[in-house]
Amino acid sequence: MIVFSPAVAAAAAVLFLGYHLYRYLQSPLRKIPGPALCGLTSLVLKWHEFQAKRTDFVHRLHLQYGPVVRIAPNEVSFASWPAVKEIYCSGGSGYDKTEFYDLFKAYSRRTMFTMLNKADHAKRKRVIADRYANSNIMKSASLSGIQERSNRFIQRCASSADGTQDVFVALLALKTDCSGTNRSSTALHSYACDCATHHLFHPHGTNCLQDPKDEDMMHQVAADDSLQNRLISHWSPTLHRLLARVLTMFAKPREIPLATAYVLDSSSRSDVATFTLMSRLEEKHGELESIDMAAECLDHMAAGIDTTGDGLCFLMWELSQPRSLAFQQKLQRELQSQPDVPFDKLSYLDAVVLEGLRCFPPIPMSLPRYVPEGGREIDGVWLPEKTVVSCQAFTLHRLDQTLFPDPDKFNPDRWLEPEGDADRRRMLFAFSNGGRGCVGKHLAIAEMKTLLRDVYSNFTTVPDASMQDESMAMSDQLISSRPVGGQCLLKFDRIAK
């Protein structure tokens with residue numbers, strides 16, 4: 001039949017290529033630096049996303065083309081403070097989010113994180129923000145819960161016969177490493193889950209560090225491997241719906257039944273402590289349905305597990321390297337000389353955490369927004385409305401070497417230098433920025449500082465001999481990142497008192 005003839009196929013190909021070439025030449029973005037192929041098709045970017053390498057791809061483009069790069073026909077990435085200020089801070093909350101955030105709905109409901117426009121987000125944030133204020137996090141009831149869970153982590157660090165522990169997402173009490181040896185696990189994600197659910201539901205929080213059933217639940221969330229399946233559902237919802245059964249054969253869907261059941265049960269209880277998020281949500285019961293309260297809690301629990309767990313994992317791995325031994329020892333000296341000083345008053349601990357967040361931001365990748373109606377100028381570049389724009393923390397923390405000299409080197413001492421301190425802190429994008437920045441920032445920092453203080457007051461950490469640097473390379477998930485090897489084996493040597 002003529003429809004299948006080579007001539008028709010060739011004509012169709014010419015028309016297809018001609019159409020995209022015409023769009024490329026007529027696009028108002030055509031003069032923005034970037035690979036020509038990225039201006040013609042989004043398939044280049046999608047390929048790297050599908051391979052869990054978007055962050056690295058975008059970063060390499062910035063190294064080649066500078067602080068403004070066209071990464072797809074209708075998408076531009078920025079890496080400068082003026083861009084951060086405009087995209088995320090203008091008008092208080094910056095630009096509206098794109099449909100990418102639909103992938104993070106919980107129980108099919110929008111949460112504060114997934115609300116696309118500023119008005120809806122602001123309304124929900126007024127309900128929630130109170131419980132994440134630093135004044136609430138620093139209350140004794142909240143901090144004592146974090147401290148108790150840190151103590152449990154330390155107990156498990158001391159329980160291994162040879163001192164070697166897997167601090168990444170290890171399942172249950174024992175795990176076999178790449179050499180075939182059984183290793184004890186003290187997954188940082190268990191600690192992060194226990195802290196997050198303490199803040200959400202106390203006294204009904206999890207005990208992943210001691211209860212295998214709770215650890216199973218945490219593991220479903222932290223070890224989720226549904227990146228490719230969820231990306232396809234975002235790129236082509238119709239195709240995903242039609243081919244759902246076939247896709248599951250090579251791209252796993254997100255399945256966290258233990259977590260969804262736990263949150264539904266815990267959010268239905270009325271005897272929660274006054275510092276918890278659930279107590280605040282119950283105060284606003286008339287404004288929110290029960291399923292919306294559960295959705296917020298599930299979203300916060302999942303975010304708390306991944307971001308704090310991943311961030312601590314990468315940071316402790318770096319502190320354990322021979323190249324960073326001097327930094328670990330300097331931290332230990334501060335902690336041992338000031339055992340009774342609150343963690344928020346320890347300057348070198350603060351510097352270590354800040355450098356960890358700079359080098360290994362829990363959310364290293366792009367946070368996409370739409371240019372508002374009428375178009376906007378961003379860092380000297382005019383963009384039409386509905387252009388997708390973003391910044392990514394990984395690049396913001398590295399590209400400007402006047403702010404961050406030798407940017408790929410882990411060096412906490414840079415945060416002790418008074419010159420340029422305000423500019424460095426302003427550029428730190430680990431928790432995003434503006435009115436839609438991470439509401440759990442203060443909780444995450446309290447969890448990180450408490451655990452690091454307890455670990456390095458008691459132990460020196462070094463990498464297990466079986467570990468290779470390549471296994472700790474960052475592998476993108478939907479919005480966070482994890483070690484590509486799926487484990488982080490560290491040896492905990494107790495410090496002689």
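Let's start at Cys438, which sits in the loop between helix H20 (421-427) and helix H21 (441-458). Keep in mind that this is a predicted model. From that loop, we'll hop over to a pair of packed helices, H9 and H16, and then to Leu354 in helix H18.

**The loop residue Cys438**
- In the UniProt record, an unreviewed entry, Cys438 is covered by the annotation "binding site".
- Cys438 has a relative accessible area of 41%, so it counts as partly exposed.

**Where H9 meets H16**
- Helix H9 (residues 188-201) packs against helix H16 (residues 290-319) at an angle of about 145°, and their axes are 8 Å apart.
- If you're looking at the handedness, H9 and H16 make a right-handed crossing.
- Sorted by class, the contact between H9 and H16 is made of twelve nonpolar, six polar and two charged residues.
- On the H9 side, the residues taking part include Leu188, His189, Tyr191 and Phe201.
- On the H16 side, you'll find Cys297, His300, Gly304 and Met316 among them.

**Leu354 and its surroundings**
- Leu354 belongs to helix H18, which runs over residues 347-359.
- Is Leu354 buried or exposed? Its relative accessible area is 10%, and under 20% means buried, so Leu354 is buried.
- Leaving aside residues up to four places away in sequence, Leu354 touches Trp415, Arg425 and Leu428.
- Asn411 is 57 residues from Leu354 in sequence, yet the two are 10.0 Å apart in space, going C-alpha to C-alpha.

Technical notes. Residues are numbered from 1 along each chain as its sequence is written. This is a predicted model: local features need pLDDT of at least 70, side-chain atom pairs count only at pLDDT 80 or more; totals for chains, interfaces and linings use all residues. Side-chain values use heavy atoms; hydrogens and water are left out. Helices (H or I, at least four residues) and strands (E, at least two) are DSSP runs, numbered from the N terminus. Buried means under 20% relative accessible area, exposed over 50%, partly exposed in between (1.4 Å probe, protein chains only). Contact means heavy atoms within 4.5 Å. Axes are lines fitted to C-alpha atoms, for helices over the stretch in contact, and angles run from 0 to 180 degrees between N-to-C directions. A crossing is left-handed if the near helix is turned anticlockwise from the far one by less than a right angle, and right-handed if clockwise. Ala, Val, Leu, Ile, Met, Phe, Trp, Tyr, Cys and Pro count as nonpolar, Asp, Glu, Lys and Arg as charged, and the others, Gly among them, as polar. UniProt positions are given in the numbering used here, feature names are shortened, and annotations may be inferred rather than shown by experiment.
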